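Work through the exercises below with the sequence and coordinates open. Try each task before reading its solution.

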Amino acid sequence: KVKGLFEFSDADDPDMGNVMGQPKLVRMKLAGTSDYRWFVAVSSGFNNYQADGNASTTGKQALFLLSVDKASSDAWQLNTNYYKVVLSTPSNSKPAALSNPGVAYDLQGNAILLYAGDTQGNLWKFDFQNGLSASMASSAVKTSGSTPVPMAILKDSSNRMQPITT
């Protein structure tokens, strides 16, 4: 019998939806320290806004970094044993679903950049070159004012947004 390391669902954070694809196991530096920790990097997935008792009230997508060293008896606590980068609502107000991230590593094999696309054609860049902390997680994505903005938007020749799902 295979036992899971942990479970994280919308009961733990309402911005979590249905994850499609494989999460990434990443080693990341903690900001302001010389410490490194292991995390599971996973997107909020699809349908986080669906009413099921724990639905997101905003439908905003997010990148989650879940600490692998959390004791199984401990509750999930934002900015303690998991971190979250919340993205903006698409301008067309249609729900977006974020794909699981790709990872860029430094020379020591530590995750420093993560990239993920969404179903609205946005390519998101998450920059953790200065490490991970609550403030670093909230500022990992480029913003315009306080609104997160994608690094690119994929459109076809008719200017229609093209989903990025893998």
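The exercises go from the whole chain to single residues.

The model is a predicted one, in which local features need pLDDT of at least 70 and side-chain atom pairs count only at pLDDT 80 or more, while totals for chains, interfaces and linings use all residues. Residues are numbered from 1 along each chain as its sequence is written, and side-chain values use heavy atoms, with hydrogens and water left out.

**Exercise 1. Overall make-up**

Task: Describe the secondary structure of the protein chain, its burial and its exposed area.

Solution:
- Step 1. Helices and strands are DSSP runs (helices H or I, at least four residues; strands E, at least two), numbered from the N terminus. The protein chain has one helix and ten strands.
- Step 2. Along the sequence these elements follow the pattern β-β-β-β-β-β-β-α-β-β-β.
- Step 3. Residues are classed by relative accessible area with a 1.4 Å probe, protein chains only: buried is under 20%, exposed is over 50%, and partly exposed is in between. Of the 166 residues, 39% count as buried.
- Step 4. The exposed area of the protein chain is about 9,200 Å², and carbon and sulfur atoms supply 50% of it. Such areas come from the Shrake-Rupley method with a 1.4 Å probe; for residues, only the protein chains shown count as cover.
- Step 5. A contact means heavy atoms within 4.5 Å. Among contacts with a separation of 6 or more, 56% are between residues 24 or more positions apart.

**Exercise 2. An open sheet**

Task: Find the strand order of the four-stranded open sheet, then its edges.

Solution:
- Step 1. Two strands pair if DSSP finds at least two bridges between them. On this basis four strands form an open sheet in the order 5-6-7-10, with antiparallel pairing.
- Step 2. The edge strands are strand 5 and strand 10 (152-153), each of which pairs on one side only.
- Step 3. Strand 5 and strand 6 run antiparallel and are joined by four bridges. Y105 has A111 in strand 6 as its bridge partner.

**Exercise 3. Two residues by strands 5 and 6**

Task: Is N110 buried or exposed, and which residues does L113 touch?

Solution:
- Step 1. N110 lies in the loop between strand 5 (102-105) and strand 6 (111-117).
- Step 2. N110 counts as buried because its relative accessibility is 2%.
- Step 3. Beyond its neighbours within four places in sequence, N110 is in contact with R27, Y36, A104 and Y105.
- Step 4. L113 is in strand 6 and, at 11% relative accessibility, counts as buried.
- Step 5. Not counting residues up to four places away in sequence, L113 touches G102, V103, A104, K125, F126, D127 and Q129. G102 is eleven residues from L113 along the chain, and their C-alpha atoms are separated by 8.4 Å.

**Exercise 4. Salt bridges**

Task: How many salt bridges does the structure hold, and which parts does the K84 and D15 pair tie together?

Solution:
- Step 1. A salt bridge requires a side-chain nitrogen of Lys or Arg within 4 Å of a carboxyl oxygen of Asp or Glu. The structure holds four of them.
- Step 2. One of them joins K84 and D15, at 2.8 Å from N to O. K84 lies in strand 4 (residues 82-86) and D15 in the segment before strand 1 (24-29), so the pair ties together parts that are 69 residues apart in sequence. Both K84 and D15 are buried.
- Step 3. D69 forms a salt bridge with R37, with 3.2 Å between the closest N and O atoms. D69 is in the loop between strand 3 (62-67) and strand 4, and R37 is in strand 2 (residues 36-43), so this pair links parts 32 residues apart in sequence. D69 counts as exposed at 54% relative accessibility, whereas R37 is buried at 18%.
- Step 4. D156 and R160 form a salt bridge with closest N and O atoms 2.9 Å apart. D156 is partly exposed at 23%, and R160 is exposed at 52%.
- Step 5. D13, D15 and K84 are linked in a network of salt bridges.

**Exercise 5. A residue in strand 4**

Task: Where is V86 found, and what does V86 contact?

Solution:
- Step 1. V86 is found in strand 4 and counts as partly exposed, at 34% relative accessibility.
- Step 2. Leaving aside neighbours within four places in sequence, V86 is in contact with D15, K60, Q61, A62 and P148.
- Step 3. V86 and S44 are 42 residues apart in sequence, with a C-alpha to C-alpha distance of 9.4 Å.
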